[in-house]
Amino acid sequence: MLSFSEALQIVLGAARPLDAEKVALRECLGRVLAEDVVSDIDMPPFDKSAMDGYACRRADIRNPLESVEVIPAGIKPQRTLGKNQCAKIMTGAPVPEGADCVLMVEQTRLDPGGRVLFLGKEADHHIFFKGGDVRAGEVVLRRFGKIGPQHVAILATVGKVQPLVSRRPKVGVIATGDELVEPSQFPPPFSIRNSNSYQLCAQVRAADSIPTYYGIAKDRDEEIDTRLKQALKENDVVLLSGGVSMGDFDLTPEIMKRNGIDIRFDSIAIKPGKPTHFGVAEGACCFGLPGNPVSAFLQFEILVKPFLYKLMGHDLRILHTTAVLEQDVSVRPSDRESWIPVSLVSGNRAMPLTYHGSAHINAMAEADGFIVIPVGSTGLSRGTTVRVRHL
Ligand code: AMP
Ligand code: MG
C-alpha cells in the first residue's frame, strides 16, 4: 500500500501536458498561461501625478505660487513651469515639464490674490515616474501560472487580449452500482441516489476542467465496459466511482485492465479511500475512485485535482493553516492515516466534524479542510496544534 505522497508522485509523474490555445481576455479566468507575457509599454507610460493638487518646483514650495494652467488626466500640459509657478493637476494627469513635485490639494489654500500657498510641513513628490512599475519588454506574468482576476488586469494593461493558455482537460465521469438511481428519482427500497457523479462533475468544473457525464453503469461487465471505452476515447481523464473494493460485484479494476489501462496503484494508505486505483492508457488516464461519497470527494481533492492542473502545466499550491484543535479526535489505530474533516472557527481554531465514516457526505457541509491523524495514532487531544489542509 502506497503512502499519499508516493501515490501523488506517481499520479503527477504520469501527467502529459496538454496543447495550448488562445482565448479571449474575458474568458481566461482560471486558465493556465502557456506563455510568458511581456509588457509592450512602460508603466506608467509617462510621469504621472499620484494626487489631485498642484505641480510645481520643490524649490518654490514655501513661496506663493501662480497657477498657470489646469491639467486634466489624458491631456498634454501646455506650459513648462518656471520659478514660483504651478499647474493645477488631476490624479493620473501627466506632470508638466519643469515640475518635480505635486502638492496635495488638501494641503494648500489660495491667498486673496488667487496664488497657491502650501500649508504642509514636508512635500512628498507624489509622482509615479515613467517605467517605475514595469519596463517595456519586461516579463509581467510567467508561463504555467493560473490566471486570477488580478492577472486579468495585468493582461489587459499590457494589451494581451488573446493570451495563450493550456487546453482544459476533458474528464469523463462514470458511476457504477446496481443500487444507484438519479437524484431526480425518489429512491425505491434498498437504492440510493447517485451523488458521486454530480459531485465529481462539480469538482472537475471547480478545477477549471470540462466534465462529461456518462451515466450510471449497473454492476455488469458490459455496462461498465461500454461506458469506459467511450469515455476513454473522448477524454483526457476518466473517473469511475464504485466497484473498486473486494466485493463480488466490484468489477471495475478488471475492466480497466482489459481496456489497456496500466494500473499504477490499486490502494493507498489513507482513510477514507484505500481502494483508489490509478492507471494510464494510450490516450487517457483513469482513476477508479471508491464509491463512498466522502472517499470519492477526498480522493478527487488530493489526487485528481492536482493531476488536472498538472495536465495544464500548473503546480497546484496547497494552502494550509495552523490551528488549535477544539475537541478531542479519537480513531482506531491503523496502518493508514486518517483524514478528518474540520471547520475553521474564527480562523485558527479547528472544529472536527462529527463524521460517521466514508458514506457520511453530510458531514462535509461545514468542512473547510482536513487534518491528518498519522498511522498508528489513536487520535489527537483538544488543544493540540494541527495543520489544516484547505479544500
Ligand atoms: P462500492 O465502492 O461500489 O463498493 O460502493 C461503496 C458504497 O458507496 C456503497 O454503499 C455504495 O452504495 C456507495 N456508492 C457507490 N456509488 C455511489 C454513487 N455514485 N453515489 C453515492 N453513493 C455511492
Ligand atoms: Mg458498488
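Which atom of ligand 1 is 2.8 Å from an N or O atom in the side chain of N194? In this predicted model, that partner is a nitrogen atom of ligand 1, and the distance of 2.8 Å falls inside the 3.5 Å limit within which a pair of N or O atoms is taken as a polar contact. A nitrogen atom of ligand 1 also lies 3.1 Å from a polar backbone atom of S195, while an oxygen atom of the ligand is 2.8 Å from a polar backbone atom of G243. Of the accessible area of 480 Å² that ligand 1 has on its own, the protein covers 79%.

The surroundings of the ligand can be described in wider terms. There are 16 residues around ligand 1, and those that come nearest are E179, N194, S195, G243 and G291. By character, the shell divides into ten polar residues, three charged residues and three nonpolar residues. As for its place in the protein, ligand 1 sits in the largest pocket.

Turning to the chain as a whole, the protein is built with 28 strands and six helices. Its radius of gyration is 30 Å, whereas the globule rule gives 21 Å for 391 residues; the value for the chain is well over that figure, and the chain is therefore more spread out than a compact globule. Taken along the principal axes, the box that the C-alpha atoms fill is roughly 95 × 50 × 40 Å.

Some details of the backbone remain to be considered, and a general expectation helps in reading them. Most peptide bonds are trans, and most residues other than glycine have a negative phi. Against this background, M43 and P44 are joined by a cis peptide bond with omega at about -10 degrees, and P44 is found in the loop between β2 (37–38) and β3 (48–49). A cis peptide bond also joins K271 and P272, with omega at about 0 degrees, and P272 has its place in the loop between β19 (270–271) and β20 (277–280).

The remaining detail concerns phi. In D208, a residue other than glycine, phi takes a positive value near 60 degrees, and this residue lies in the loop that runs between α3 (196–206) and β16 (210–217).

Technical notes:
Residues are numbered from 1 along each chain as its sequence is written. Chains are lettered from A and ligands numbered from 1 in the order in which they are written. This is a predicted model: local features need pLDDT of at least 70, side-chain atom pairs count only at pLDDT 80 or more; totals for chains, interfaces and linings use all residues. Side-chain values use heavy atoms; hydrogens and water are left out. A residue is near a molecule or strand if one of its heavy atoms lies within 4 Å of it. A polar contact is a pair of N or O atoms within 3.5 Å; within protein, one must be able to donate a hydrogen and the other to accept it, and residues adjacent in sequence count only if both atoms are side-chain atoms. Accessible areas come from the Shrake-Rupley method with a 1.4 Å probe; for residues, only the protein chains shown count as cover. On a 1 Å grid over the protein atoms alone, a cavity is a set of points where a 1.4 Å probe fits but cannot get out, and a pocket is an open set with protein on both sides within 12 Å along at least five of seven lines; lining residues have an atom within 4 Å of a point. A molecule sits in a cavity or pocket if more than half of its atoms lie within 2 Å of its grid points. Ala, Val, Leu, Ile, Met, Phe, Trp, Tyr, Cys and Pro count as nonpolar, Asp, Glu, Lys and Arg as charged, and the others, Gly among them, as polar. Helices (H or I, at least four residues) and strands (E, at least two) are DSSP runs, numbered from the N terminus. The radius of gyration is taken over C-alpha atoms; the globule rule is 2.2 Å times the number of residues to the power 0.38.
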